[in-house]
Amino acid sequence: VAGAERRALEVLFLQPRHGAIAALASPLARLRSQGQSCPRAAAALLRSVGEASLLSGQALRREARAVAQQQAAPAPTPAHEGLDEYDYMERESASARLEEEEARLMLEALNEDPFCRFVPCLAACATDHATPCPVRCSAVTSLGRIAQLHPRVAEGLLPTLAPLCARSEPAEVRSRASLAVASLVASVPRLVEPLLEEALRAPLREEGTPALLRRAAGAGLPHFC
């Protein structure tokens, strides 16, 4: 898996989700054991968890949508033209209920997802200044991936990600945290917009900002347009 996480995992997730999870158990266990003494293996493990969580979450969302649609009542059919406006309102209400049920089912499934259970480990690695920088960067990126899965998950992870945008953090970590925070604006705009200044605007104004961080800040700005 190491070095080609995304493509390898995409191939694995062509099969049903449970089969992909079973197939990943052994390589992830090997990376976990190697990661204790090898930062490169640790970084690969954390990157793999982030990519796998995103693919697993996409599968869970499809399943949640299918279940919610099965449970939903049939859309109303107007008896005559005079009911068109009422019918439109009913359809909008039914669509909102469907989205709410899908989100509820998705959150329940994520609570049981094996990759999301890595969050405490990812958060510990991301915030530990004694952890090698490549490992911290992989952890931050993976936290950002997981945070994209659901607004409630994003709310829970922002208190971990936001402080990593501070000037005191290494440029590599700060750049990944800035991108992770910016990617959540569509999910939790009320919480992300107050962080815009430190996460994106400050790096573009500061003198001597490393090119890596400046590029990350510039890449994050389109999320707010």
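Author: Let's start with a word we'll need right away: a residue counts as buried when its relative accessible area is under 20%, as exposed when that area is over 50%, and as partly exposed in between. Keep in mind that this is a predicted model.

Reader: Okay, is Ser48 buried or exposed?

Author: Look for Ser48 in helix H3. The relative accessible area of Ser48 is 1%. The cut-off is under 20%, so Ser48 counts as buried.

Reader: And how far apart in space are Ser48 and Pro27?

Author: Along the sequence, 21 residues separate Ser48 from Pro27. Going from C-alpha to C-alpha in space, the distance is 10.0 Å.

Reader: Let's zoom out. How many helices does the protein chain have?

Author: Strands are quick to count, since the chain has 0 of them. From the N terminus on, the elements run α-α-α-α-α-α-α-α-α-α-α. The number of helices is 11.

Reader: What percentage of the residues of the protein chain count as buried?

Author: The chain has 225 residues to sort. To count as buried, a residue needs a relative accessible area under 20%. The buried share comes to 42%.

Reader: Which residues of helix H5 are buried, and why do they line one face of the helix?

Author: H5 covers residues 119-127. Look down its axis and the buried residues fall within an arc of 165°, so they line one face of the helix. Helices H3, H6 and H7 are among what covers them. The buried residues are Val119, Leu122, Ala123, Cys125 and Ala126.

Reader: Are H6 and H7 roughly parallel or roughly antiparallel to each other?

Author: H6 spans 133-147 and H7 spans 151-161. Their axes come within 9 Å and cross at roughly 155°. Angles over 145 degrees count as roughly antiparallel, so the answer for H6 and H7 is roughly antiparallel.

Reader: In which kind of crossing does H6 pass H7, left-handed or right-handed?

Author: Here you're asking how one helix is turned relative to the other as H6 passes H7. The crossing is left-handed.

Reader: How many residues of the contact of H6 with H7 are nonpolar?

Author: H6 brings Val140, Leu143, Gly144, Ile146 and Ala147, while H7 brings Val153, Ala154, Leu157, Thr160 and Leu161. Sort them by class and you get 2 polar and no charged residues. The nonpolar count is 8.

Reader: What about H3 and H6, at roughly what angle do their axes cross?

Author: The axes of H3 and H6 come within 8 Å. The two helices are roughly parallel, because angles under 35 degrees count that way. The crossing angle is roughly 5°.

Reader: How many charged residues does the contact of H3 with H6 have?

Author: On the H3 side, the residues include Arg47 and Glu51, and on the H6 side they include Arg145. The contact also has 9 nonpolar and 4 polar residues. The charged ones number 3.

Reader: Which residues does Arg145 touch, not counting residues up to four places away in sequence?

Author: You'll find Arg145 in helix H6, and it counts as partly exposed at 25% relative accessibility. Its C-alpha lies 9.4 Å from that of Ala52, although 93 residues separate the two along the chain. Leaving out residues up to four places away in sequence, Arg145 touches Gly50, Glu51, Ser53 and Leu54.

Reader: H6 and H8 next: which residues of H8 make the contact?

Author: H8 covers residues 171-182, and its axis comes within 9 Å of that of H6, crossing at roughly 5°. That makes H6 roughly parallel to H8. From H6 come Cys133, Arg136, Cys137, Val140, Thr141 and Gly144, and from H8 come Glu172, Val173, Arg176, Ala177 and Ala180.

Reader: Is Gln71 buried or exposed?

Author: Gln71 lies in helix H3, and its C-alpha is 8.8 Å from that of Leu98, which is 27 residues away in sequence. Its relative accessibility is 51%. The cut-off is over 50%, so Gln71 counts as exposed.

Reader: Last one: what is the relative accessible area of Ser95?

Author: Ser95 is found in helix H4, which covers residues 84-112. Its C-alpha is 9.8 Å from that of Gln69, 26 residues away along the chain. Ser95 is partly exposed, with a relative accessible area of 33%.

How values were computed: Residues are numbered from 1 along each chain as its sequence is written. This is a predicted model: local features need pLDDT of at least 70, side-chain atom pairs count only at pLDDT 80 or more; totals for chains, interfaces and linings use all residues. Side-chain values use heavy atoms; hydrogens and water are left out. Buried means under 20% relative accessible area, exposed over 50%, partly exposed in between (1.4 Å probe, protein chains only). Helices (H or I, at least four residues) and strands (E, at least two) are DSSP runs, numbered from the N terminus. The arc is that of the directions from the helix axis to the C-beta atoms. Contact means heavy atoms within 4.5 Å. Axes are lines fitted to C-alpha atoms, for helices over the stretch in contact, and angles run from 0 to 180 degrees between N-to-C directions. Angles under 35 degrees count as roughly parallel, over 145 as roughly antiparallel, 65 to 115 as roughly perpendicular and the rest as oblique. A crossing is left-handed if the near helix is turned anticlockwise from the far one by less than a right angle, and right-handed if clockwise. Ala, Val, Leu, Ile, Met, Phe, Trp, Tyr, Cys and Pro count as nonpolar, Asp, Glu, Lys and Arg as charged, and the others, Gly among them, as polar.
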